[in-house]
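Q: I would like a close look at one part of this protein, with the chain around it described as far as it helps. Please take the structure below as the starting point.

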Amino acid sequence: MATIEDFLKLDLRVGTIVKAAPFPEAKVPAIKVEIDFGEELGMKQSSAQITKRYEAEQLIGKQVVAVVNFPPRRIAGFKSEVLVLGGVPEKGDVVLLQTDAPLPNGTPIA
């Protein structure tokens, strides 16, 4: 079982996708995204396996929730700095987590 202390180690934030492009080099279909997390954290990039429901161009301007304090990972030569969160109704299908009202970029999730 995880503890509340385990949860508190995660830094979850709201950010807005400002760039998105297909990522054909990835082993699993993915989209490269650049996310604005506000003044404190700035711009971060991620590889998101969300191609079943989303096209790159429709992601621009969408707010997402991400874990921003995991170490970066290299994916097919691309530095993925944050983990974008989503619900997984079935394998290979991801529904992005979003707030029900716009929030400032960098807003913490608790």
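Which side chain meets that of E34 in a salt bridge, and what is the N to O distance?

A: The model is a predicted one, in which local features need pLDDT of at least 70 and side-chain atom pairs count only at pLDDT 80 or more, while totals for chains, interfaces and linings use all residues. Residues are numbered from 1 along each chain as its sequence is written, and side-chain values use heavy atoms, with hydrogens and water left out.

The side chain of E34 meets that of K19 in a salt bridge, at 3.8 Å from N to O; the term stands for a side-chain nitrogen of Lys or Arg within 4 Å of a carboxyl oxygen of Asp or Glu. Because E34 lies in strand 2 and K19 in strand 1, the pair ties together parts that are 15 residues apart in sequence. Helices (H or I, at least four residues) and strands (E, at least two) are DSSP runs numbered from the N terminus. With a relative accessible area of 51%, K19 is exposed, whereas E34, at 22%, counts as partly exposed; here buried means under 20% relative accessible area, exposed over 50%, and partly exposed in between, with a 1.4 Å probe and protein chains only.

The backbone joins these two residues as well, since E34 in strand 2 is the bridge partner of K19. Strand 1 (residues 12-22) and strand 2 (residues 31-36) pair in the antiparallel sense over 6 bridges, where pairing requires that DSSP finds at least two bridges between two strands. In general, strands of a sheet pair through backbone hydrogen bonds, either parallel or antiparallel.

Both strands belong to an open sheet of 5 strands in the order 3-2-1-4-7, with antiparallel pairing. Strand 3 and strand 7 (83-84) stand at its edges with a single partner strand each, so one side of each is left without a neighbour in the sheet. Within strand 3 (residues 43-48) is S47, which counts as buried at 15% relative accessibility. Leaving aside residues up to four places away in sequence, S47 touches F23, A30, I31, I75, F78 and S80, contact meaning heavy atoms within 4.5 Å.

The salt bridge between E34 and K19 is one of 6 in the structure. Another joins E90 and K52, whose closest N and O atoms are 2.9 Å apart; this pair links distant parts of the chain, with E90 in strand 8 (residues 86-90) and K52 in the loop between strand 3 and helix 3 (56-59), 38 residues apart. R53 forms a salt bridge with D93, with 2.6 Å between the closest N and O atoms, and this pair also links distant parts, R53 being in the loop between strand 3 and helix 3 and D93 in strand 9 (residues 93-96), 40 residues apart. Of these two residues, R53 counts as partly exposed at 44% relative accessibility, while D93 is buried, with a relative accessible area of 5%. D11, R13 and E40, in turn, are linked in a network of salt bridges.

As for the setting of the pair, the protein chain has 3 helices and 9 strands, and 33% of its 110 residues count as buried. Among contacts between residues at least 6 apart in sequence, 59% join residues at least 24 apart.
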